[in-house]
Amino acid sequence: MRVVLLGPPGAGKGTHASRLNVNLGVPHISTGDMVREEIKAQTELGEEIKKYSDRGVLVPDEIIIRLLAKRLRKPDCQKGFILDGFPRTMQQAEALDRISRIDLAINLNVPDEIIVQRLSNRLTCRKCGAIYNRLTMKPRRANICDKCDGELYQRVDDKPEVIQERLNVYRKNTEPLIEYYRRRSLLKDVHCDDLMTPPEVTFERIKAITDSVKKEKTRA
Ligand SMILES: [Zn+2]
């Protein structure tokens, strides 16, 4: 199954994508991770990407698409994939259609005020990057990572005023994308209107959707 996961920053796309990865047995592909790995591997493309990120500018779509096309050709993607963080714009969605077919777009529908509350309480480990939350996923010891004893801190882009700006950008770019998938009957909404809803509950809703799509596919 080829799945696209849509949702604002802080909607829990990464968390749900890794669960889906276990559940569906297809790889979780995060374009952010892909870019970081390519830079680390110091490939020709990685060096080119590094030039953009060193200058603090967005890596052009064309490069991301090249990278993604290469990734989707790998044998582990034969049965499908879960895309997280891509596409974010109409242009990217159209480019994706040129390199692969999509079976399902899951839209994590989370209101702005919940995202702001959640992200402004988010803590990140300086050492291993693990994510915690002062309200919903507290570390065992205050400001210390459970996994590696690293120090937890608040990322600059998790400050409330920055979050609202990121959300505005997201809404502006992604609304047309949601409509694009809805028109083709590929979109399924998963609503999350309560800050304290545990991720397990949201995931059960996602799983119910993928289960029914799977059933339809085997029937077809
Ligand atoms: Zn850590």
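Is N143 buried, partly exposed or exposed? At 43% relative accessibility, N143 counts as partly exposed, where buried means under 20% relative accessible area, exposed over 50% and partly exposed in between, with a 1.4 Å probe and protein chains only. The close-up views below come from a predicted model, in which local features need pLDDT of at least 70, side-chain atom pairs count only at pLDDT 80 or more, and totals for chains, interfaces and linings use all residues. Residues are numbered from 1 along each chain as its sequence is written, and side-chain values use heavy atoms, with hydrogens and water left out.

**View 1. Two residues with positive phi, N143 and S185.** Let us stay with N143, which lies in the loop between β6 and β7; helices (H or I, at least four residues) and strands (E, at least two) are DSSP runs, numbered from the N terminus. Its phi is near 60°, a positive value in a residue other than glycine. S185 has a phi near 60° as well, again positive in a residue other than glycine. S185 belongs to the loop between α7 and β8, and at 63% relative accessibility S185 counts as exposed.

**View 2. The zinc site and its four cysteines.** Here the zinc ion is coordinated by the SG atoms of C125, C128, C145 and C148, at 2.3 to 2.4 Å. Donors are N, O and S atoms within 2.8 Å of the metal (3.2 Å for Na, K and Ca), and water is not among the atoms, so sites may look incomplete. Angles of 98 to 114° among the 4 donor atoms make the site tetrahedral. For four donors, that label asks that all angles lie between 85 and 135 degrees. Ideal angles at a metal are 109.5 degrees for four tetrahedral donors. Along the chain, the donors of the zinc ion follow the spacing C-x2-C-x16-C-x2-C. C125 lies in strand β5 (residues 122-125) and C145 in the loop between β6 (131-133) and β7 (152-153), so this pair ties together parts that are 20 residues apart in sequence. C125 is buried at 3% relative accessibility, and C145 is buried too, with a relative accessible area of 0%.

**View 3. The open sheet of β5, β6 and β7.** The 3 strands of this open sheet have the order β6-β5-β7, with antiparallel pairing; two strands pair if DSSP finds at least two bridges between them. β6 and β7 stand at the edges, each with a single partner strand, so one side of each is left without a neighbour in the sheet. Between β5 and β6 the antiparallel pairing runs over 3 bridges. One bridge to look for joins R122 to its partner N133 in β6.

**View 4. Helix α7 and its kink.** What span should the 24 residues of helix α7 have at 1.5 Å a residue? The expected span, 1.5 Å times one less than the number of residues, is 34 Å for α7 (residues 160-183), and its end C-alpha atoms are 33 Å apart, which agrees. A kink of about 40° lies at T174, shortly before the proline P176; the bend at a residue is the angle between axes fitted to the seven residues ending there and the seven starting there. The buried residues of α7 are I163, L167, Y170, T174, L177, I178, Y180 and Y181. These buried residues pack against β1 (2-6), α5 (90-99), β4 (104-109), α6 (112-119) and β8 (187-191).

**View 5. Strand β4 and the surroundings of I106 and N107.** I106 has its place in strand β4 and is buried at 0% relative accessibility. Not counting residues up to four places away in sequence, I106 touches V3, V4, L5, L6, L20, K188, V190, I206 and T210, where contact means heavy atoms within 4.5 Å. T210 is found in helix α8 (residues 199-219) and is buried at 0% relative accessibility. N107 also lies in strand β4 and is buried, with a relative accessible area of 4%. Beyond its neighbours within four places in sequence, the contacts of N107 include Y170, I178 and D189.

**View 6. Strand β3 and the cis peptide bond at P87.** Both faces of strand β3 (residues 81-84) are covered, with F81 and L83 buried on one side and I82 and D84 buried on the other. β1 and β3 run parallel and are joined by 4 bridges, and L5 stands opposite D84 in β3. Strand β2 (residues 28-30) pairs with β3 in the parallel sense over 3 bridges, and I29 stands opposite L83. The peptide bond from F86 to P87 is cis, with omega near -5°, and P87 has its place in the loop between β3 and α5.

Key
Tetrahedral: all angles 85-135°; square planar, octahedral: opposite > 155°, others 65-115°.
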